[in-house]
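Here are my notes for a colleague coming to this structure for the first time. Please read them with the model open beside you.

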Amino acid sequence: MDIAWAQFTPWTALAGGALIGAAAAILLLFNGRIAGISGILGSLLTTRGSDLPWRIAFISGLLLAPLLWLLAAERPAIEINAGYPALISAGLLVGIGTRYGSGCTSGHGVCGLSRFSMRSLVATLSFMGAGFVTVYIIRHLIGGA
């Protein structure tokens, strides 16, 4: 395994993690809500009243942030080594896992772990373990990219 040291960016990764943590903390402190993307997005269409504006703002921020990044820096090179069937299967598996796990990695991994939730610890370990096993099977047993 080779590490692409020219693309290794610990400071921007640290800053990004700090921003995610700060945003999750601000949402919890000022709104009493967990920053779980699947829950926010999933209930966006069924929510009425005072919960709707902050949900729209949150999702809008997720969509607008990459566009704002493009104003400050060039677009990073993106290389996807999988075909459409693999991408569609992966997306469906993530969606199914999110429903069965009652949340996504942002809700359990970022917000739940920071609140010392045992349920979120089990969910996050399950997400990570399933990912490790999947990569091992695809790369070493099946022989994919």
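**Notes on the pockets, the cysteines and one serine**

1. Start with the lining of the second largest pocket. Its residues divide into 14 nonpolar, six polar and one charged. Keep in mind that this is a predicted model.

2. That pocket has a volume of about 740 Å³. The lining numbers 21 residues. Nearest the centre of the second largest pocket lie Gly 16, Leu 19, Ile 20, Leu 62 and Ala 65.

3. Which helix gives the most to the lining of the second largest pocket? The answer is α1, with seven residues. Helices α1 (10–31), α3 (51–72) and α5 (105–114) each supply at least two residues of this lining.

4. Now turn to the largest pocket. Its volume is about 990 Å³. It is lined by 26 residues, and the closest to its centre are Ala 90, Leu 93, Val 94, Gly 131 and Thr 134.

5. Where does the lining of the largest pocket come from? The largest share, ten residues, belongs to α6. Both α4 (84–100) and α6 supply at least two residues each. By residue class, the lining of the largest pocket splits into 14 nonpolar, eleven polar and one charged.

6. Step back to the whole chain. It has six helices and zero strands. Read from the N terminus, the elements run α-α-α-α-α-α. The C-alpha trace spans about 50 × 40 × 30 Å along its principal axes.

7. How much of the chain is buried? Buried residues make up 17% of its 145 residues. As for contacts with a separation of 6 or more, 34% of them join residues 24 or more positions apart.

8. How many disulfides does the structure hold? It holds zero. Take Cys 104 and look for a partner. The closest cysteine sulfur is in Cys 111, at 8.5 Å from the sulfur of Cys 104, which is too far for a bond. A disulfide needs the two sulfur atoms within 2.5 Å.

9. Run the check from the other end. For Cys 111, the closest cysteine sulfur is that of Cys 104, again at 8.5 Å and too far for a bond. So neither search yields a disulfide.

10. Are these two cysteines buried or exposed? The cut-off for buried is under 20% relative accessible area. Cys 104 has 12% relative accessibility, so this residue counts as buried. Cys 111 is buried too, because its relative accessible area is 6%.

11. Next, look at Ser 120. This residue is found in α6, which covers residues 118–142. With 4% relative accessibility, Ser 120 counts as buried. The same cut-off of under 20% applies here.

12. What does the side chain of Ser 120 make a polar contact with? The partner is the side chain of His 108, at 2.9 Å. Setting aside neighbours within four places in sequence, Ser 120 is in contact with His 108, Gly 112 and Leu 113.

13. To close, three places to revisit in the viewer. One is the largest pocket, with α6 giving the largest share of its lining. Another is the second largest pocket, where α1 gives the most. The last is Ser 120, buried and in polar contact with His 108 through their side chains.

Methods:
Residues numbered from 1 in each chain as written. Predicted model: local features only at pLDDT ≥ 70, side-chain atom pairs only at ≥ 80, totals over all residues. Heavy atoms only, no water. Buried < 20%, exposed > 50% of the residue type's maximum accessible area, 1.4 Å probe, protein only. Helix = DSSP H or I, 4+ residues; strand = E, 2+ residues; numbered from the N terminus. Polar contact = N/O pair within 3.5 Å; in protein donor to acceptor, adjacent residues only side chain to side chain. Contact = heavy atoms within 4.5 Å. 1 Å grid on protein atoms, 1.4 Å probe; cavity = no way out; pocket = protein on both sides within 12 Å on 5 of 7 lines; lining within 4 Å. Points joined across faces, edges and corners; volume = space filled by probe spheres on them. Nonpolar A, V, L, I, M, F, W, Y, C, P; charged D, E, K, R; others polar.
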